[in-house]
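Subject: Structure for you to look at

Dear colleague,

I am handing over the structure below, together with some notes on what was found in it. Please keep it open while you read, since the notes go through it element by element.

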Amino acid sequence: MVVQVNKRSVLLVLLVVLVLLLVSRNLRQAQQLAAAHERRQSHKSQAEAESLTLLDITEADAPLDPSTEEPRWLSARTQELQALLKCRNRRLRLQKLQHGNYWVIQNLVMGRESQRMGCAESITYTTNGDYTFFDNLETVTERWLGPISFAIHTPGYDLNATLDAIQYVRNCLPGSQLISDFVSFHIYFSNEHMPEYVPHDENEALNWPFRCVDEAGGPLPPPYAAANRTAMYKVQANLTYPINVGRNIARGAVNTHFIFACDIELYPSLGLVDQFLDMVQRNNSVLALSPGQQPRVYPLPVFEIKDGERVPNDKAELLPLLEKGRAQLFHAKVCTSCHKVPGYKDWIDRTASVTDDLNLFSMTVRQGNHKYWEPFYISDNTEPIFDERVTWEGQSNKRIQGYAMCLLGYEYHVLHPAFLVHSPGIKKPARNSMRAKYAREMTKFIKTKIEPEYRVLYGKNKNCVT
């Protein structure tokens, strides 16, 4: 009998202890929620007192239902730069647009962080390609760590392969989280080469079926890894690649003040976004903000490395590769003058600072020894557009924009110690009879048609060439 009473007592005590633990846990959770609410209210009050800038949302972009999304608080650097640049924050949103003879689905799939990025918070890497270039996307995203605007040519059934590729890179790679956060995908196609199906909105695009593993649980290769280029709709329909259409679409779909119009096979050294914005915050005079100053852009040196080499993260890793002949100037054996920055040897010899601060290294214009220069640069997105009459096959697709910028008096302020590296592999001169034919025809068209137009639009200068 005594034993039974003791058991009941023990059970009763255990129940009381359990109830007390539950009550205690609930009290702690309530205190944590209250503290979090108090912190948010405190941050809000402090932000209002300091006129903290919030990311504006236009009425057209605002959701119909009440949002549970936390406001995007912007850093002191972002606030300072936004006031300096007088730029306006805006959300990315899906739009269906006509672009000449092309249909564009702008922001078909948006980067979750990029969608509401502040105008002075980051720099957008704008690029273009088709689904066979997706193998570069993970590396670019991991190194850039900022918004990426990616315009993809998707005529006919190439759109299906593109949707396969988008789903794979967003869901099946080690870097899928970053790609989902930062990459915004735009698709475009000629109205004469319409796909049979186009997703109506982002949700429909993200519901496109995909698989990361096979039936045995092993990883499936990317759908673009074994892509047969000859089977592409573009190839079967004998279409040229409208590279400058893609470049302009990507540029037009950004929400940051600064952009970096780049080819997707070019990988930046680490930390470039923060280095550039820190440089501007440190010294506003690096920008052309005063009336009467010549417009300017900020190019980077470009290198290429041999197959099998790891892409260098910074200049300290780049220099040994150059010394051993494992790296060289981009297109050194194809067109040395196209990518050699002014003061190239001095750039190589200059020692990077301990803190790797970014600085302006040299300044030039696109004339004289640099009249054929085709640099990749950071800009404020106000430079002339890329001429869309020029295709990849016709070559000279960047030179025409360079010609316009020369006529307008643009200054090129080279950055140090940041740089670009092409995806591994040294490019060698190659004979391509079809591309040579396109190039000859395009050169004649540029000289007889485009150059006269540009002289009317931008002025004359005998030192400027295409």
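For the angle given next, axes are lines fitted to C-alpha atoms, for helices over the stretch in contact, and angles run from 0 to 180 degrees between N-to-C directions. With that in mind, helix 4, which covers residues 158–171, lies across strand 2 (102–109), strand 4 (148–153) and strand 5 (183–190), and helix 4 runs at about 175° to strand 5.

Please bear in mind that this is a predicted model. The mean pLDDT of the chain is 87, and 83% of its residues reach 70 or more. Over residues 1–5, however, the pLDDT is below 50, and this stretch has zero contacts in the model beyond near neighbours in sequence. Residues 25–68 also have a pLDDT below 50, although for this stretch the model shows 33 contacts beyond near neighbours in sequence.

As for the chain as a whole, there are 466 residues, of which 47% are buried, and the secondary structure consists of 14 helices and 14 strands. When contacts between residues at least 6 apart in sequence are considered, 80% of them join residues at least 24 apart. The chain exposes about 23,900 Å², and carbon and sulfur atoms supply 53% of that area.

The sheet comes next. An open sheet is formed by 10 strands in the order 1-2-5-4-3-6-12-8-13-11, and the pairing in it is mixed. Strand 1 (95–99) and strand 11 (359–364) stand at the edges, and each has a single partner strand, so one side of each is left without a neighbour in the sheet. From one strand to the next, the twist averages 25°.

Strand 8, residues 296–300, is worth following within this sheet, as it is mostly covered, with five of its five residues buried. Both of its faces are covered, with Arg296, Tyr298 and Leu300 buried on one side and Val297 and Pro299 buried on the other. Strand 8 pairs with strand 12 (residues 376–379) in the antiparallel sense over three bridges, and in that pairing proline 299 stands opposite tyrosine 377 of strand 12. With strand 13, strand 8 pairs in the parallel sense over two bridges, and there the bridge partner of arginine 296 is glutamate 411.

Strand 13 (residues 411–416) is also joined to the edge strand 11, by five bridges, and these two strands run antiparallel. Histidine 413 in strand 13 is the bridge partner of methionine 363.

Two helices are mostly covered as well. In helix 8 (residues 243–252), nine of the 10 residues are buried, namely Ile243, Asn244, Val245, Gly246, Arg247, Asn248, Ile249, Ala250 and Arg251. In helix 13 (residues 399–407), nine of the nine residues are buried, and among them are Arg399, Gln401, Tyr403, Met405 and Cys406. Just after helix 13, glycine 409 takes a positive phi of about 80°.

If you read the sheet first, I would suggest starting from strand 8, with strand 12 paired to it in the antiparallel sense and strand 13 in the parallel sense.

With best wishes

Terms used
Residues numbered from 1 in each chain as written. Predicted model: local features only at pLDDT ≥ 70, side-chain atom pairs only at ≥ 80, totals over all residues. Heavy atoms only, no water. Helix = DSSP H or I, 4+ residues; strand = E, 2+ residues; numbered from the N terminus. Buried < 20%, exposed > 50% of the residue type's maximum accessible area, 1.4 Å probe, protein only. Contact = heavy atoms within 4.5 Å. Areas by Shrake-Rupley, 256 points an atom, 1.4 Å probe, with all protein chains shown as cover. Pairing = 2+ DSSP bridges. pLDDT = per-residue confidence, 0-100.
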